Amino acid sequence: MERISGHAIEKQSVDGCKPIALNIGVYIDGYGAKRSADVLYDLGDKELYEHLRSDAKGDVALHKRLYDTFHSPPNPEVYAELISFCLALVELHVVASMEDRYRAQGTPIRPNALLVNQSNPLNIELEEGRHNLLEALFPASEEEWEATHYLDVFCDGTIYTTKKIDRAREVDNLNRELLVARRMGDTSRIAWIERNLSTLPTGIIHYRNRDGSIGGPIDFDFTERFYDAVSDRVGYYSRLGESKVHWRKDLSDFGEKGVDCDLIMQVMDDLRADKVDAFVFMTNDMDFFPLIERVHAEGKAVFVCGLEGRVSHRLIESAGRDAFFDLANQRLLASLPAVFIAAKNPAMRDVTLQWAYLAMMRERQAGG
């Protein structure tokens with residue numbers, strides 16, 4: 001996969017331009033991505049509801065029909081589509097930022113957005129004819145058209161997660177614990193184990209409350225299918241971590257082991273091989289700030305994406321405020337209803353992505 005955004009550039013668009021390779025590596029903390037997807041789903045569904053209510057213009061029945069048509073109940077595919085959409089925007093943002101760096105160094109760069117638009121034009125039909133939105137809203141200067149270089153972008157990602165839970169092994173573990181509980185006459189523990197034995201094959205396990213009662217469910221099947229769906233969209237999957245399932249402790253602790261270490265080792269390998277020019281981290285975890293500082297020290301570009309207020313300030317400071325991409329950006333959130341619609345009509349994804357990018361370009365220029 002050459003680009004997460006899918007925005008390949010046709011060769012005829014770059015005739016007379018010299019390529020400058022830009023290899024972007026995206027490193028996704030699976031746990032952080034899942035938490036971000038939870039929030040983005042809720043925000044996006046609310047945006048969709050309000051967007052369709054506005055379209056219905058007070059017609060309650062029409063609003064319900066529209067919402068029933070385009071609303072997607074929580075599922076791994078919709079979650080993965082939200083994350084991959086955000087990462088596609090992050091990729092475009094990184095490319096624009098790297099173009100600015102080259103221009104500041106005196107290298108004339110033809111805008112990637114211009115080249116993408118030539119290969120994937122975003123047109124609109126008006127009474128007087130067809131108009132290209134990018135050219136209308138962001139006309140390129142003569143200097144940009146005549147630039148002698150362009151960024152030849154390669155962008156792929158890896159999501160770092162635990163191995164899938166071995167259901168047969170965990171059933172065996174629970175059966176052993178059940179024998180112990182029966183010998184001890186621990187009726188509440190017996191009930192809890194039997195509940196898990198009935199739901200574990202379907203991908204659900206339950207916590208146990210301190211008073212011994214059965215606690216809330218953990219849908220690990222949903223999470224594993226989400227990881228699969230993200231990896232299908234962004235490139236690769238690394239499953240070197242382990243899930244922590246401690247039945248003897250009544251599942252008081254459930255999480256992951258080894259995932260952060262796996263991610264760090266891969267980044268260091270990529271640094272040593274000098275194969276990545278811009279490092280993008282999707283994570284909320286403060287523990288990665290020493291890694292980011294190390295990447296900076298090697299002279300590489302670093303970007304962090306996550307939800308403002310949930311990402312550690314230390315992490316943002318390490319990357320730099322200008323290198324932080326907020327997934328709760330208002331322009332991005334306003335685009336989420338279209339992402340829900342595109343999830344049911346994949347042909348709309350490219351248009352949705354370009355519309356969102358146009359809005360963010362305008363915001364970026366206004367900020368500059």
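**Exercise 1. Find the residue of S6 that stands opposite Ile204, and describe the pairing of the two strands.**

Solution. In this predicted model, Ile204 stands opposite Asp219 of S6. Ile204 belongs to strand S5, which covers residues 204-208. Strand S6 takes in residues 214-219, and its pairing with S5 is antiparallel, with 4 bridges. Next, look at the turn: 5 residues lie between the strands of this hairpin, and Gly212 has a positive phi near 95°. Last, consider the cover: 4 of the 5 residues of S5 are buried, leaving the strand mostly covered.

**Exercise 2. Decide whether Thr199 is buried or exposed, and list what Thr199 touches.**

Solution. Start with the location: Thr199 is part of helix H8, residues 187-199. Its relative accessibility is 15%. Buried means under 20%, so Thr199 at 15% counts as buried. Then list the contacts: leaving out residues up to four places away in sequence, Thr199 touches Ile204, Ile205 and His206. These three fall within the range of S5, residues 204-208.

**Exercise 3. Work out the strand order of the open sheet of 7 strands, and name the strands at the edges.**

Solution. The order reads S8-S7-S4-S1-S9-S10-S11, and the pairing is mixed. S8 (254-257) and S11 (324-326) are the edge strands; each has a single partner, so one side of each lacks a neighbour in the sheet. Ignoring direction, neighbouring strands are turned against each other by 25° on average. For one pair inside the order, take S1 (residues 18-29) and S4 (residues 149-162): these run parallel and are joined by 12 bridges. Within this pairing, Ala21 stands opposite Asp152 of S4.

**Exercise 4. Classify the packing of helices H3 and H9 by angle, and describe the residues in contact.**

Solution. Two packed helices are described by the angle between their axes and the distance between those axes. For H3 (residues 76-104) and H9 (residues 220-234), the angle is about 40° and the axes are 8 Å apart. Angles under 35 degrees count as roughly parallel, and those from 65 to 115 as roughly perpendicular; H3 is therefore oblique to H9. The crossing of H3 and H9 is right-handed. On the H3 side, the contact is made by Pro76, Glu77, Tyr79, Ala80, Glu81, Ile83, Ser84 and Leu87. H9 contributes Phe222, Arg225, Phe226, Ala229, Val230, Arg233 and Val234. Sorted by character, the contact residues of H3 and H9 are 10 nonpolar, 1 polar and 4 charged.

Terms used. Residues numbered from 1 in each chain as written. Predicted model: local features only at pLDDT ≥ 70, side-chain atom pairs only at ≥ 80, totals over all residues. Heavy atoms only, no water. Axes fitted to C-alpha atoms, helices over the stretch in contact; angles between N-to-C directions. Parallel < 35°, antiparallel > 145°, perpendicular 65-115°, else oblique. Left-handed = near helix turned anticlockwise from the far one by under 90°. Contact = heavy atoms within 4.5 Å. Nonpolar A, V, L, I, M, F, W, Y, C, P; charged D, E, K, R; others polar. Pairing = 2+ DSSP bridges. Buried < 20%, exposed > 50% of the residue type's maximum accessible area, 1.4 Å probe, protein only.
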